[in-house]
Amino acid sequence: MNKRIVIWSGGYDSTLCLWNELQKNKQVEAWSFVWTSIDPSKNLAEHNVREKFKKKVKKLGYIINHKIINLRHEDIIPEGYSVMQASMFVPLTVFLAPLDSTIVFGFHWKDDYWAFSERFNEVIKSQCSVMNKNVELEFPLRNYKKWEIIRDIKVLKLEKYVWTCEFPLHNMKPCGNCEPCINKKLALYENKIRNGNNKPMMKTVDIEVKEVSYCSVTKIEDEGTYV
Ligand SMILES: [Zn+2]
């Protein structure tokens with residue numbers, strides 16, 4: 001049976017994806033990649049919002065089967081080498097994915113991923129072929145701009161359950177100066193201009209764009225990579 005997995009950091013995009021997925025299937029599997037070598041307060045902040053979100057949805061009768069995959073930057077990315085994170089964790093996700101599965105990513109409009117999506121398709125297709133897997137990738141926010149995602153999170157009253165800052169202050173407040181904080185401010189500003197008074201224009205419309213990969217499936221042992 002095809003297994004669906006949502007990649008969930010605790011940020012705006014992935015939390016919206018997870019919420020939408022929960023509306024369709026009351027029980028959802030979510031995976032979080034945690035970089036153990038980044039600012040620990042960011043990891044803690046993301047951990048906190050994910051735990052809060054899990055509690056919230058549990059009260060609503062939803063179940064999240066949550067797996068955390070810990071990664072050490074220095075073990076994976078060569079020193080002094082700057083790499084787009086997706087180039088590492090998209091193939092890694094496919095590597096870890098069950099034999100027959102669909103992975104939901106929160107990449108939105110203008111995310112770096114789209115500059116390379118055709119090449120990602122080739123990589124993932126080859127990877128699936130070599131591993132005898134059937135893994136599909138889904139990008140429900142592909143046509144969403146950041147301000148629209150922030151709008152939906154506001155409309156759904158989920159702001160308390162998302163985290164976006166890279167360098168939280170000591171009191172666990174967002175720094176206001178890092179790239180995600182600035183992007184958030186710009187998106188909030190755009191939201192205000194477009195909607196006036198922050199009034200939502202519409203609720204989320206689920207746009208499913210399927211991409212990638214197929215091949216026959218044989219049994220491979222799960223090596224229990226998860227923590
Ligand atoms: Zn920040």
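A residue counts as partly exposed when the number of other C-beta atoms within 10 Å of its own lies between the limits for exposed, 12 or fewer, and buried, 20 or more. The model on screen is predicted.

**Stop 1: N121**

Select N121, which sits in helix α5. With 14 other C-beta atoms within 10 Å, N121 is partly exposed. Now add L137 and draw the C-alpha to C-alpha distance: the two residues are 9.2 Å apart in space and 16 residues apart in sequence.

**Stop 2: helix α5**

Extend the selection to residues 117-131, the whole of α5. At 1.5 Å a residue, these 15 residues should span 21 Å, and the end C-alpha atoms, 20 Å apart, agree with that. Next, pick out F120, I124 and C128, which are buried. Looking down the axis of α5, you will find its buried residues within an arc of 65°, so they line one face of the helix. On the other side of α5, select E118, R119, E122 and V130; these are exposed.

What do the buried residues of α5 pack against? Show α4 (85-96) and β5 (134-138), which are the elements they pack against. Then step past the end of α5 to N132, where phi is positive, near 55°.

**Stop 3: strands β1, β2 and β3**

Select β1 (residues 3-7) together with β2 (residues 27-35); the two strands pair in the parallel sense, over 3 bridges. One pair to label is I5 and its bridge partner E29 in β2. Add helix α1 (residues 12-24), and β1, α1 and β2 appear as a right-handed β-α-β unit.

Bring in β3 (residues 63-71), which pairs with β2 in the parallel sense over 9 bridges. Here Q27 stands opposite I63 of β3. Follow the chain from β2 through helix α2 (residues 40-59) to β3; this β-α-β crossover is right-handed.

**Stop 4: the largest nonpolar core**

In soluble globular proteins, nonpolar side chains tend to be buried together. The largest nonpolar core of this model has 41 residues, and V6, L18 and I103 touch the most other members. Helix α1 gives the most to this core, with 6 residues.

Finish by centring on I103. Which residues is I103 in contact with, leaving aside its neighbours within four places in sequence? They are I5, I7, T93, A97, V135, L137 and E138. Two of these have been on screen before: I5 was shown with its bridge partner E29, and L137 with N121.

Technical notes:
Residues are numbered from 1 along each chain as its sequence is written. This is a predicted model: local features need pLDDT of at least 70, side-chain atom pairs count only at pLDDT 80 or more; totals for chains, interfaces and linings use all residues. Helices (H or I, at least four residues) and strands (E, at least two) are DSSP runs, numbered from the N terminus. The expected span of a helix is 1.5 Å times one less than its number of residues. The arc is that of the directions from the helix axis to the C-beta atoms. Two residues are in contact if their C-beta atoms, placed from the backbone, lie within 7 Å. Two strands pair if DSSP finds at least two bridges between them. A crossover is right-handed if, with the strands pointing away from the viewer, the path from the first strand over the helix to the second runs clockwise. A nonpolar core is a set of buried Ala, Val, Leu, Ile, Met, Phe, Trp, Tyr and Cys residues joined through C-beta atoms within 7 Å.
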